[in-house]
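Biologist: Could you take me through the pockets and the ligand site, giving the criteria behind each term as you go?

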Amino acid sequence: MSRYWSAVVHGLTPYVPGEQPKLPNLVKLNTNENPYGPSPRALEALCGEVGENLRLYPDPSADRLRQAVADFYGITPQQAFVGNGSDEVLAHTFQALLKHDAPLLFPDISYSFYPVYCGLYGIDYQTVALGESFEICIEDYLRPNGGIIFPNPNAPTGIALPLAEIERLLESNMDSVVVVDEAYVDFGAESAVALVGRYPQLLVVHTLSKSRSLAGLRVGYAIGHPDLIDALNRVKDSFNSYPLDRCAIAAAAAAIEDRSYFEATCAKVIATRTSLVKELEALGLEVLPSAANFVFARHAQRDGAELTAKLRERSIIVRHFRNPARIAPFMRITVGTDEQCEALVAALKEILTA
Ligand SMILES: Cc1ncc(COP(=O)(O)O)c(C=O)c1O
């Protein structure tokens with residue numbers, strides 16, 4: 001607290017990111033990073049930018065990267081916006097497209113940055129309760145709203161909503177923007193990018209932090225009607241004209257162009273997830289059906305916070321959410337390599353049988 005703060009700062013409740021521990025030799029399964037490195041082509045492109053040209057500003061509209069996104073999805077570059085991590089893309093989206101008189105709607109159990117952006121930008125919102133099995137129920141969103149946003153697959157549950165359900169929502173919600181945050185979609189859900197050409201109110205947000213192993217580079221993008229993209233550019237150019245540096249633009253474009261590396265690493269994560277779920281279930285845990293690179297699991301008799309703490313004593317870091325109370329029994333476990341997941345399962349076995 002300081003008397004020098006703006007009034008808005010006094011009222012903020014900032015997001016708390018997952019821990020990035022400085023300790024060596026951890027099995028780090030707490031922030032949904034990819035256990036495999038970035039595409040070698042991305043690393044090569046990154047190194048190619050390190051030199052004399054760094055004295056020059058980067059391309060403010062990151063044309064090369066937007067073209068790579070357009071080629072990957074079969075859209076036009078005018079339908080693509082890029083930013084410094086999808087968190088920045090989301091922040092601009094909240095300000096540019098989701099601040100209206102009627103309340104913004106999002107699930108009560110979801111990405112915990114959403115209410116933070118609402119606080120920052122003074123956006124009125126209502127949370128919508130997930131169903132009994134932690135699923136998003138479209139019917140509950142069919143009411144007056146100033147916009148709708150949800151992750152698909154949802155975080156931290158990992159549960160995916162079928163594309164047909166998203167289309168049903170779009171059909172009955174033409175007058176406000178619907179944002180689908182597809183941070184984890186490449187690990188097994190259906191992308192709503194296929195619907196962007198037909199629904200001018202749809203914006204789909206992606207990140208390179210998960211399926212393209214580039215969390216450290218900070219790149220995200222949004223795909224939607226050029227009018228929506230225009231709004232994002234207006235906010236971006238009123239905030240920071242150069243959100244992506246030269247290295248980020250080059251490496252991100254190369255990562256997107258390397259489709260076969262992307263497909264191979266996603267397939268490995270999905271295969272490991274399948275065996276991890278089996279192992280966790282064999283230990284008596286309930287695991288929600290996951291289409292993401294993490295699983296959300298609970299034990300009927302053991303507390304999520306206690307299990308998380310016991311794993312930590314064994315140098316295995318997973319994420320626990322205290323709020324809302326309904327998810328307190330769960331642990332969110334990132335799918336790591338086979339070896340990391342085996343270490344997790346062995347540690348849990350020891351904890352549960354002690
Ligand atoms: C649902 C969801 N959206 C967006 C993000 C932000 O990703 P980034 O800012 O790394 O692109 C995350 C990060 O964990 C997430 O879980």
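Modeller: On a 1 Å grid over the protein atoms alone, a pocket is an open set of points where a 1.4 Å probe fits, with protein on both sides within 12 Å along at least five of seven lines, and lining residues have an atom within 4 Å of a point. This is a predicted model, in which local features need pLDDT of at least 70 and side-chain atom pairs pLDDT 80 or more, while totals for chains, interfaces and linings use all residues. Residues are numbered from 1 along each chain, and side-chain values use heavy atoms, without hydrogens or water.

Biologist: What volume does the largest pocket have?

Modeller: Grid points are joined across faces, edges and corners, and the volume is the space filled by probe spheres set on the points. For the largest pocket, that volume is about 810 Å³.

Biologist: In which pocket does the ligand sit?

Modeller: A molecule sits in a pocket if more than half of its atoms lie within 2 Å of the pocket's grid points. One pocket has about 560 Å³ of space and is lined by 28 residues, with Tyr 184 and Lys 210 among those nearest its centre. The ligand sits in this one, the second largest pocket.

Biologist: Which residue has a polar side-chain atom 2.5 Å from an oxygen atom of the ligand?

Modeller: A polar contact here is a pair of N or O atoms within 3.5 Å. The side chain of Lys 210 places such an atom 2.9 Å from a ligand oxygen, and that of Ser 209 does so at 2.6 Å. The 2.5 Å distance belongs to Thr 207.

Conventions:
Polar contact = N/O pair within 3.5 Å; in protein donor to acceptor, adjacent residues only side chain to side chain.
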